[in-house]
Amino acid sequence: MDLVFLGIQGSGKGTQARRLADEFGYYVFDMGYELRAIAGSGTELGNTVKSYIDEGHLVPADIIMKVVREALEQHKKKHILFDGIPRDMDQKREFDAIMKELKRTFRCINILLPYEEAFQRIKGRASVEGRADDADDEKIRRRMSLFKEKTMPVVEKYIQEEKLVQVDGSGSMDEVYELIKQILLKT
Ligand code: AMP
């Protein structure tokens, strides 16, 4: 079974995803990472993608779904942990359809963190990672409000479909990891 990690920027989902992947052998598909790699390629597509990322806007869906399809083709024999997809309801519909077509089953985890705490965590990592989209408060707030507006409906829909469990993300990295593991092992 595959896993889909959802959670507001700064919730620690990337870190938790990698840790889980190391312990349980998932291949991590990190949408933001893939897009940053394309953005750095110097191609025309790369420049287009970069302009969206740097401003904190969502990259157009046709590009997103193409990257997802390619990854699924390349890693079809592995269990995949998706981080950063689906980000809105249109992507959810397409993602669900592709997964069904390829007969891949999955469940989702949402890491919960209050808005202000998430904001402070991103500001903390900005100085370490040097990302352009973390550089000013306005861009961080834009991405966070995109999460509320576009991704929360995805979370709610997966809850209704009984595919998603929520985890309290306010503890330490180790505490959150233990919570996630408990959920995965017991369900
Ligand atoms: P992240 O590393 O998840 O914070 O993503 C960084 C940036 O990549 C986002 O702010 C978007 O510009 C872009 N991005 C990542 N995932 C998606 C997605 N599923 N759909 C559209 N844009 C995305």
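A polar contact is a pair of N or O atoms within 3.5 Å. Keep that cut-off in mind for the first view of this predicted model.

**View 1. The ligand and the residues around it.** Let's start with the ligand. An oxygen atom of the ligand sits 2.6 Å from a polar backbone atom of histidine 57, so this pair falls within the 3.5 Å cut-off. A ligand nitrogen atom is 2.9 Å from a polar backbone atom of glycine 84. Look also for arginine 87, where an N or O atom of the side chain is 3.0 Å from an oxygen atom of the ligand. Taken alone, the ligand exposes 480 Å², and the protein buries 96% of that. There are 15 residues around the ligand, and those that come nearest are Arg36, His57, Val59, Gly84 and Gln91.

**View 2. Helix 2 and its buried face.** Helix 2 covers residues 31-39, and its buried residues are Met31, Gly32, Leu35, Ile38 and Ala39. Seen down the axis of helix 2, these buried residues fall within an arc of 120°, so they line one face of the helix. It helps to remember that an α-helix has 3.6 residues a turn, so residues three or four places apart point the same way. What do the buried residues of helix 2 pack against? Their packing partners are strand 2 (27-30), helix 3 (44-55), helix 4 and strand 3. At the N-terminal end of helix 2, aspartate 30 acts as a cap, with a side-chain oxygen 3.1 Å from the backbone nitrogen of glycine 32.

**View 3. Lysine 78 and aspartate 2.** Lysine 78 belongs to the loop between helix 4 (61-74) and strand 3 (80-83). Is lysine 78 buried or exposed? Its relative accessible area is 41%; lysine 78 is partly exposed because this value lies between the cut-offs of 20% and 50%. The side chain of lysine 78 makes a polar contact with the side chain of histidine 75, at 3.0 Å. Not counting residues up to four places away in sequence, lysine 78 touches Asp2, Tyr27 and Arg104. Valine 28 is 50 residues away from lysine 78 along the chain, and their C-alpha atoms are separated by 9.9 Å. Aspartate 2 is placed in strand 1 (residues 2-7) and counts as buried, at 2% relative accessibility. Leaving aside neighbours within four places in sequence, aspartate 2 has contacts that include Lys78, His79, Ile80 and Phe82.

**View 4. A salt bridge from helix 1 to helix 8.** The structure holds 18 salt bridges. In one of them, arginine 19 pairs with aspartate 174, and the closest N and O atoms are 2.9 Å apart. Arginine 19 lies in helix 1 (residues 13-24) and aspartate 174 in helix 8 (residues 173-186), so the pair ties together parts that are 155 residues apart in sequence. Arginine 19 is partly exposed, with a relative accessible area of 26%, and aspartate 174 is also partly exposed, at 47%.

**View 5. Salt bridges in helices 3, 6 and 7.** Aspartate 54 forms a salt bridge with lysine 50, with the closest N and O atoms 2.5 Å apart. Both residues lie in helix 3, four residues apart, which is about one turn of the helix. The side chains of arginine 141 and glutamate 116 also meet in a salt bridge, at 3.2 Å from N to O. This pair links helix 7 (residues 137-160), home of arginine 141, with helix 6 (residues 115-129), home of glutamate 116. Finally, Lys92, Asp96, Glu161 and Lys163 are joined into one network by salt bridges that share partners.

Technical notes:
Residues numbered from 1 in each chain as written. Predicted model: local features only at pLDDT ≥ 70, side-chain atom pairs only at ≥ 80, totals over all residues. Heavy atoms only, no water. Helix = DSSP H or I, 4+ residues; strand = E, 2+ residues; numbered from the N terminus. Buried < 20%, exposed > 50% of the residue type's maximum accessible area, 1.4 Å probe, protein only. Contact = heavy atoms within 4.5 Å. Polar contact = N/O pair within 3.5 Å; in protein donor to acceptor, adjacent residues only side chain to side chain. Arc of directions from axis to C-beta. Near = heavy atom within 4 Å. Areas by Shrake-Rupley, 256 points an atom, 1.4 Å probe, with all protein chains shown as cover. Salt bridge = Lys/Arg side-chain N within 4 Å of Asp/Glu carboxyl O.
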